[in-house]
Amino acid sequence: MGHQANNGSSQAKPYKFLIYGKTGWIGGVLGRLCQAQGIDYAYGSGRLENRESILADLVSVNPTHVFNAAGVTGRPNVDWCETHKVETIRANVVGTLTLADLCREKGLVLINYATGCIFEYDSAHPLGSGVGFKEEDTPNFTGSYYSKTKAMVEDLLKNYENVCTLRVRMPISSDLSNPRNFITKICAYEKVVNIPNSMTILDELLPISIEMAKRNLTGIWNFTNPGVVSHNEILEMYREYINPKFSWRNFTLEEQAKVIVAPRSNNELDAAKLKQEFPELLSIKESLIQYVFKPNRKT
């Protein structure tokens with residue numbers, strides 16, 4: 001894959017990836033994947049909202065592709081963004097746009113790990129219908145400030161022909177000790193809602209994002225496994241494969257609303273575009289079993 005068509009000319013020089021988000025979950029996994037694949041990479045040291053520091057990174061690293069896995073989701077969760085709006089704008093809007101703009105000036109593809117939590121089930125996409133939101137659909141969920149800023153920046157980035165926007169949702173990995181892992185989160189909650197959702201199995205999809213960079217794919221992509229899975233279905237798998245004594249309690253969206261500040265997004269994304277480009281892509285339930293539960297099997 002070292003030589004490939006690139007805008008009509010062949011890319012003779014080897015890949016060099018510049019990755020932002022070194023301290024983040026996805027950023028860390030990307031570095032390990034590059035190491036395993038023998039791809040030369042470096043982490044950006046600049047702050048995304050500081051244009052000069054990003055330019056310095058681009059000059060010193062001279063990458064062939066840039067990956068953005070930086071930004072704020074809030075700690076411990078997106079409710080943080082409700083009371084830190086300027087910080088949220090700075091990282092998720094100003095920072096992302098600065099990076100995209102500089103990459104465009106340099107003619108570089110930017111793989112941007114974004115979010116699919118900008119949609120919610122509606123009358124045209126009812127829960128349980130199997131009708132998912134497509135890449136070109138207009139976001140309809142602005143219930144949290146986090147989601148609001150993410151929808152704004154996605155809209156602005158449509159004008160940057162060098163950007164590949166990957167809509168990640170409820171990320172899951174085989175690392176069940178990671179507190180950011182959706183499975184780890186819902187196992188720790190006192191009560192969980194039970195709603196089918198599109199989700200992203202990172203063990204399967206992050207290697208695909210590297211391949212997307214190599215193919216110089218751009219535009220918006222629903223970056224989830226095909227189909228949906230509910231909280232209870234995941235916890236049933238957890239009980240079957242990991243801990244037969246595990247138990248949990250459900251509560252309703254109305255009950256959940258009393259213990260969170262901002263509403264949460266629930267949706268199905270249509271993954272047909274990704275599946276057409278990568279036919280080997282597994283459905284969400286198959287991917288959960290193959291990449292997460294079988295490797296961690298205790299029972």
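How many disulfides does the structure hold? In this predicted model, the structure holds zero disulfides.

## Cysteines

The absence of such pairs can be followed for two of the cysteines, given that a disulfide requires cysteine sulfur atoms within 2.5 Å. For C34, the closest cysteine sulfur belongs to C164 and lies 15 Å from the sulfur of C34, so the two are too far apart for a bond. For C103, the closest cysteine sulfur is again that of C164, and because the distance is 12 Å, a bond is likewise ruled out.

Both side chains can also be described by their accessibility: C34 has a relative accessible area of 1% and is buried, while C103, at 0% relative accessibility, counts as buried too.

## Overall fold

The protein chain contains eleven helices and eight strands. Its radius of gyration is 19 Å, close to the 19 Å that the globule rule gives for 299 residues, and the chain is therefore as compact as a globular protein of that length. Taken along the principal axes, the box filled by the C-alpha atoms is roughly 55 × 40 × 35 Å.

Among contacts in the protein chain with a separation of 6 or more, 78% are made by residues 24 or more positions apart, and 52% of the 299 residues count as buried.

## Surface and charge

The protein chain exposes about 13,800 Å², of which carbon and sulfur atoms supply 51%. As for charge, the chain carries 33 positive and 32 negative side chains, and the centres of these two sets lie 5 Å apart.

Notes. Residues are numbered from 1 along each chain as its sequence is written. This is a predicted model: local features need pLDDT of at least 70, side-chain atom pairs count only at pLDDT 80 or more; totals for chains, interfaces and linings use all residues. Side-chain values use heavy atoms; hydrogens and water are left out. Buried means under 20% relative accessible area, exposed over 50%, partly exposed in between (1.4 Å probe, protein chains only). Helices (H or I, at least four residues) and strands (E, at least two) are DSSP runs, numbered from the N terminus. The radius of gyration is taken over C-alpha atoms; the globule rule is 2.2 Å times the number of residues to the power 0.38. Contact means heavy atoms within 4.5 Å. Accessible areas come from the Shrake-Rupley method with a 1.4 Å probe; for residues, only the protein chains shown count as cover. Lys and Arg count as positive and Asp and Glu as negative; His and the chain ends are not counted. The place of a charge is taken as NZ of Lys, CZ of Arg, CG of Asp or CD of Glu.
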